[in-house]
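I opened this notebook to record what I looked up, beginning with the strands and ending with the cysteines.

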Amino acid sequence: MSNTFYNEIITDHNVHPVHKHDIEGANFTLEGVNPSCGDDIILSLKVEDGIITDGGYTGDGCAISQASADMMLDLVIGRTKDEALALSEIFIRMITGEITDDEREKLEEAGVLQDVSHMPARVKCAVLGWHTMDEMLNEE
């Protein structure tokens, strides 16, 4: 994948996020913080009958943390909690460099973040939203 394509997707999700807003009626909310670089998000999900029906985030951080959270929500809204957790597991393995091409396809646009696995200082940025969602959904 070209760096240009990667940069365009990250920039688009960072500058024009679809899901960066409060969610009215959210029944899951959790703050995720990356103290090493200052990323801070508050992730909110509305889950009804085991399906994630809506989601959003607020907060500040680097382009990778913000874009990753936005792409994650694109991917998990409309899916079951178990499907969202399975996608998160694939994403986190991708960031550590352990993924098949078939698994990467399941991540859709979020798969562009695979290159972050070669940037150790940015790994925590990319996984912040995903770890926050995991913690939130596994607490129930």
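For the packing entry I take contact to mean heavy atoms within 4.5 Å, and I keep in mind throughout that this is a predicted model.

Entry on the sheet. I looked up the strand order and found three strands in an open sheet, ordered 1-2-3 with antiparallel pairing. Strand 1 and strand 3 (51–60) stand at the edges with a single partner strand each, so one side of each has no neighbour in the sheet. Neighbouring strands here are turned against each other by 20 degrees on average, direction ignored.

Entry on the pairings. Strand 1 pairs with strand 2 (residues 39–48) over seven bridges, and I noted Leu43 of strand 2 as the bridge partner of Leu30. Four residues lie between the strands in this hairpin, where Gly38 takes a positive phi near 95 degrees. Strand 2 is joined to strand 3 by nine bridges, with Leu45 opposite Gly55.

Entry on the faces. In strand 1 (residues 28–34) I followed the alternation of side chains: Phe28, Leu30, Gly32 and Asn34 point to one face and are buried, whereas Thr29, Glu31 and Val33 point to the other and are not. I then looked up helix 5 (residues 123–138), which lies across strand 1, strand 2 and strand 3 and runs at about 40 degrees to strand 2.

Entry on the cysteines. I counted zero disulfides; Cys37 is in none, its nearest cysteine sulfur being that of Cys125 at 3.7 Å. Why is the sulfur of Cys62 not bonded to that of Cys125? The two are 3.6 Å apart, which is too far for a bond, because a disulfide requires sulfur atoms within 2.5 Å. Cys62 is buried at 18% relative accessibility, while Cys37, at 42%, is partly exposed.

Notes. Residues are numbered from 1 along each chain as its sequence is written. This is a predicted model: local features need pLDDT of at least 70, side-chain atom pairs count only at pLDDT 80 or more; totals for chains, interfaces and linings use all residues. Side-chain values use heavy atoms; hydrogens and water are left out. Buried means under 20% relative accessible area, exposed over 50%, partly exposed in between (1.4 Å probe, protein chains only). Helices (H or I, at least four residues) and strands (E, at least two) are DSSP runs, numbered from the N terminus. Two strands pair if DSSP finds at least two bridges between them. Axes are lines fitted to C-alpha atoms, for helices over the stretch in contact, and angles run from 0 to 180 degrees between N-to-C directions.
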